[in-house]
Amino acid sequence: MEALLLGAGLLLGAYVLVYYNLVKAPPCGGMGNLRGRTAVVTGANSGIGKMTALELARRGARVVLACRSQERGEAAAFDLRQESGNNEVIFMALDLASLASVRAFATAFLSSEPRLDILIHNAGISSCGRTREAFNLLLRVNHIGPFLLTHLLLPCLKACAPSRVVVVASAAHCRGRLDFKRLDRPVVGWRQELRAYADTKLANVLFARELANQLEATGVTCYAAHPGPVNSELFLRHVPGWLRPLLRPLAWLVLRAPRGGAQTPLYCALQEGIEPLSGRYFANCHVEEVPPAARDDRAAHRLWEASKRLAGLGPGEDAEPDEDPQSEDSEAPSSLSTPHPEEPTVSQPYPSPQSSPDLSKMTHRIQAKVEPEIQLS
């Protein structure tokens, strides 16, 4: 009996050491008052994104939940308004698997919101599930969609500088290897999915690095943020049903709660004084070094140019986007690609304040580029 108690005590002690050194996330500090500022958080209807949006709302920000599901997005907005006491939390439809949806979201946002101070790319997928597309769905959702959204919202971010872009990445980037000849090839099978996921996380880190170079001296800074090992929907979404009851208790023991996973993205969005670290990779609320493949400036620039092509953007900064090269008029069923109206749904009306002349011109310019595109969807 004594040996059993001793063994249990050792196991408990080992777990406490692991939890406080590897699992528990440090709390985020940073700016306490965000009144008068606007934040967009993608994939904010659950998990890390919802906890991130909650903290921003508690600090007084106007928060736009950019989510694919209207039902879940509006339910999350209601929950966050109740929990934070902040009525400035709204839902707008965004499906990152659809480039037309990304453009429609940008048009609707720029026509209704006078400012954007924080853009957090949280949404992502780890598997294609049963979906079969003619393109790399993991790359589209995890990188190309966020890349295009950032491009379309950059004029607003610059007009509201100092502002920030946060890309939720992963330690999986260490296993990534970008093959530029096969970037957009369809992904089939779990082995390819594992590799493709790591590749998209490497793309996230390189995107933040190149974006920082592109935005130097503009007042817009950007960061790649690793949330740590998190017990979220993403972890169990594609696990076979029979295996989930076995993994749930293990996940509860050794993975962070979504609130803990939100701390590093919040740190990157709110912490004062980290502007000189723009383009860097953060984990556990501090900057970390990355492997050579993730700090390769030539690869980062090459990815930038390839991403512009895959997003349907021309070679110039204000070039007219091409037609969405994939899937908008496809009849193939997709669990992620759903029809979208020309204007994304907004959970509650919001009268647009007077915009500055520059922002008004910028909105009309984006609308002019987007509207022909949306007629094709």
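Student: Let's start with helix α10. What covers its buried residues?

Tutor: In this predicted model, the cover over the buried residues of α10 includes α2 (47-58), β4 (118-121), β5 (163-168), β6 (220-226), α9 (258-261) and β7 (281-283).

Student: How many residues of α10 are buried?

Tutor: The general idea comes in two parts. A residue counts as buried under 20% relative accessible area. An α-helix has 3.6 residues a turn, so residues three or four places apart point the same way. Now the case here: α10 runs over residues 263-270, and 8 of its 8 residues are buried. Among them are Gln263, Pro265, Tyr267 and Leu270.

Student: Now the sheet. In what order do the strands stand?

Tutor: Strands of a sheet pair through backbone hydrogen bonds, either parallel or antiparallel. In this structure, 8 strands make an open sheet, and you can trace them as β3-β2-β1-β4-β5-β6-β7-β8, with mixed pairing.

Student: Which strands stand at the edges?

Tutor: Those are β3 (89-93) and β8; each has a single partner strand, so one side of each has no neighbour in the sheet. Going from strand to neighbouring strand, the average turn is 25 degrees, direction ignored.

Student: Can we zoom in on one pair? In which sense do β2 and β3 pair, parallel or antiparallel?

Tutor: Strand β2 (residues 62-67) and β3 pair in the parallel sense, over 5 bridges. To find one of the partners, look at Val64, whose bridge partner in β3 is Ile90.

Student: Which strands does helix α4 touch?

Tutor: Helix α4 (residues 99-112) packs on the sheet and touches β1 (38-42), β2 and β3, with its direction at about 145 degrees to that of β3. Helix α5 (residues 137-159) packs on the sheet too; it touches β1, β4, β5 and β6, and makes about 175 degrees with the direction of β4.

Student: What is the peptide bond from Ala161 to Pro162 like, cis or trans?

Tutor: For this you read omega, and here it is near 5 degrees, which goes with a cis bond. Pro162 sits in the loop between α5 and β5.

Student: And phi? What is its value at Asn284?

Tutor: Look at the sign as well as the size. Asn284 has phi near 50 degrees, a positive value in a residue other than glycine. Cys285 is another case, with phi near 65 degrees. Asn284 lies in the loop between β7 and β8, and Cys285 is found in that loop too.

Student: Are those two buried or partly exposed?

Tutor: Asn284 is partly exposed because its relative accessibility is 31%, whereas Cys285 is buried because its value is 11%. In strand β8 (residues 286-288) you'll find His286, and with a relative accessible area of 40% it is partly exposed. His286 and Thr264 are 22 residues apart in sequence, yet 8.0 Å apart in space from C-alpha to C-alpha.

Student: Last one. Which residues does the "binding site" annotation cover?

Tutor: The UniProt record puts that label on Ser46, Ile48, Tyr197, Lys201 and Ser232. Tyr197 is in helix α6 (residues 190-214), and Lys201 has its place in α6 as well. Tyr197 counts as buried because its relative accessibility is 17%; Lys201 counts as buried because its value is 6%.

Student: What does Lys201 touch, leaving out residues up to four places away in sequence?

Tutor: Lys201 touches Asn142, Val168, Ala169, Ser170, Ala172 and His173.

Definitions and conventions
Residues are numbered from 1 along each chain as its sequence is written. This is a predicted model: local features need pLDDT of at least 70, side-chain atom pairs count only at pLDDT 80 or more; totals for chains, interfaces and linings use all residues. Side-chain values use heavy atoms; hydrogens and water are left out. Buried means under 20% relative accessible area, exposed over 50%, partly exposed in between (1.4 Å probe, protein chains only). Helices (H or I, at least four residues) and strands (E, at least two) are DSSP runs, numbered from the N terminus. Contact means heavy atoms within 4.5 Å. UniProt positions are given in the numbering used here, feature names are shortened, and annotations may be inferred rather than shown by experiment. Two strands pair if DSSP finds at least two bridges between them. Axes are lines fitted to C-alpha atoms, for helices over the stretch in contact, and angles run from 0 to 180 degrees between N-to-C directions.
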